[in-house]
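Welcome! Take a moment to turn the model around on your screen, and then let us walk through it together.

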Amino acid sequence: MVDTLQAINTALLVVCGAAIVSNVLAVVLFAATKKLRVKYYGFAFNLVIGDIAAPTSMLLLFNVNFPVAVLVPLFSTSLCAVELSILAIAVNRFLALTITPLARYDAMVTRGRILAACLLIWIIPAAIFVPTLIHSELEARMLRSSIALGILLITAVFYCAVFRKIFRYSPPLASTECTRADDAVARTRLRQTRHLMITFTIILVMCFACWIPYCIANIMIYFSGKGYSVRPQNLLILSRLGVTTLMFNSLINPFIYWWRIREFRVSMYRLICRGRGNADPENDVVTLQTMQEPEN
């Protein structure tokens with residue numbers, strides 16, 4: 001079992017390192033691409049930050065020079081921030097389809113308010129987990145799993161509500177010039193929302209799949225009633241497997257962005273062209289865009 005645990009630890013370190021690299025690249029692409037630096041992708045950027053912080057804190061936990069009292073709360077807070085960011089995307093899109101007229105939504109949901117919401121996504125989990133971790137590691141594990149499953153279920157409900165709004169959309173009956181213009185904007189927003197929601201539904205499903213092993217491990221550890229130093233070897237292995245699946249979730253998300261977000265792909269292609277010294281990367285990007293099929 002010692003060899004098995006060592007192999008899992010090695011796999012965990014590799015996955016954490018790859019997750020950090022892929023998400024740092026995602027940050028670069030979001031920051032360098034004008035079409036991605038919009039409030040439409042604000043919570044997605046916050047999700048990427050969470051996917052960097054979680055594997056980074058786990059990687060540093062293997063280094064005894066870093067205080068565990070700081071890294072474990074950071075790890076728990078980062079995981080919760082990732083889930084809350086996925087939930088915030090659904091809430092934001094629900095408001096975009098619910099608040100009318102469209103100009104009212106744009107006036108209410110500003111960059112400053114989205115930034116404030118992103119900060120709260122980090123502050124609230126920290127306020128919950130830090131005191132709990134100081135009190136008891138076992139209770140913190142159970143609380144972390146319970147909150148995670150609760151957030152995921154609430155997120156699934158919101159995603160269903162958004163898709164219901166999309167499917168039930170009907171254009172206004174009036175035929176004035178202003179009404180037709182508003183309907184065109186509404187249809188564009190509807191199309192963008194549908195594509196974004198499909199993208200993050202895939203991320204949500206992956207999040208569910210990766211959280212389940214971790215939650216099962218935490219529940220078993222909680223009911224065993226044993227601390228880390230006296231924990232049986234099989235529970236240690238199960239716990240490390242659960243953490244590895246969570247870090248794999250952080251690793252896979254940038255590939256989903258690349259698959260589903262056209263601007264992300266084009267920006268990466270431009271970056272690769274520049275890295276290879278391409279003399280005219282802009283023309284290559286245009287060629288790539290014209291060859292691609294329209295997004296759903």
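Let us begin where two helices meet: α2 passes α8 in a left-handed crossing. A crossing is called left-handed if the near helix is turned anticlockwise from the far one by less than a right angle, and right-handed if clockwise. Helix α2 covers residues 42-61 and helix α8 covers residues 233-260; their axes come within 10 Å and cross at roughly 145 degrees. Here the axes are lines fitted to C-alpha atoms, for helices over the stretch in contact, with angles running from 0 to 180 degrees between N-to-C directions. Helices (H or I, at least four residues) and strands (E, at least two) are DSSP runs, numbered from the N terminus.

Before going further, a word on what you are looking at. This is a predicted model, in which local features need pLDDT of at least 70 and side-chain atom pairs count only at pLDDT 80 or more, while totals for chains, interfaces and linings use all residues. Residues are numbered from 1 along each chain as its sequence is written, and side-chain values use heavy atoms, with hydrogens and water left out.

Which residues of α2 and α8 meet each other? On the α2 side they are A44, L47, V48, D51, A54, P55 and M58, and on the α8 side V243, M247, S250, N253 and Y257. Contact here means heavy atoms within 4.5 Å. The residues of this contact divide into nine nonpolar, two polar and one charged. In that count, Ala, Val, Leu, Ile, Met, Phe, Trp, Tyr, Cys and Pro are nonpolar, Asp, Glu, Lys and Arg are charged, and the others, Gly among them, are polar.

Now step back to the whole protein. Its secondary structure comes to 10 helices and zero strands. Buried residues make up 44% of the 296 residues, where buried means under 20% relative accessible area, exposed over 50%, and partly exposed in between (1.4 Å probe, protein chains only). Among contacts between residues at least 6 apart in sequence, 77% join residues at least 24 apart.

Helix α8 has another neighbour to show you. N249 sits in helix α8 and is buried, with a relative accessible area of 5%. Leaving aside residues up to four places away in sequence, N249 touches M206, C207 and C210. Its C-alpha also lies 8.5 Å from that of I203, although N249 and I203 are 46 residues apart in sequence. Look at the contact from the other side: C210 lies in helix α7 and, at 6% relative accessibility, counts as buried. With the same sequence neighbours left out, C210 touches G242, T245, L246, F248 and N249. From C210 to S250, the C-alpha distance is 9.7 Å, across 40 residues of sequence.

Helix α1 (residues 2-32) is the place of S22. This serine is buried as well, with a relative accessible area of 13%. Residues up to four places away in sequence aside, S22 touches L251 and P254.

Next, look for the aromatic rings. Rings of Phe, Tyr and Trp (its six-membered ring) pair if their centres lie within 6.5 Å; planes under 30 degrees apart count as stacked, over 60 as edge-to-face and the rest as tilted. By this rule the count comes to 11 aromatic pairs. One of them joins W211 and Y214 edge-to-face, at 5.4 Å centre to centre and with 80 degrees between the planes. These two residues are three apart in helix α7 (residues 177-224), so about one helical turn separates them. Are W211 and Y214 buried or exposed? Both are buried. Y222 and F223 form another edge-to-face pair, because their ring centres are 5.3 Å apart and their planes lie at 85 degrees. Here Y222 is partly exposed at 33% relative accessible area, whereas F223 counts as exposed at 63%.

Elsewhere, ring pairs link F30, Y40, Y41, F45, F200, Y257 and F264 into a cluster. You can also find R260 over the face of W259, at 5.9 Å from the ring centre. A charge sits over a ring if NZ of Lys or CZ of Arg is within 6 Å of the ring centre and within 35 degrees of the ring normal.

Finally, visit T110, in the loop between α4 (102-108) and α5 (111-135). T110 is partly exposed, at 28% relative accessibility, and its C-alpha is 7.5 Å from that of K39, 71 residues away in sequence.
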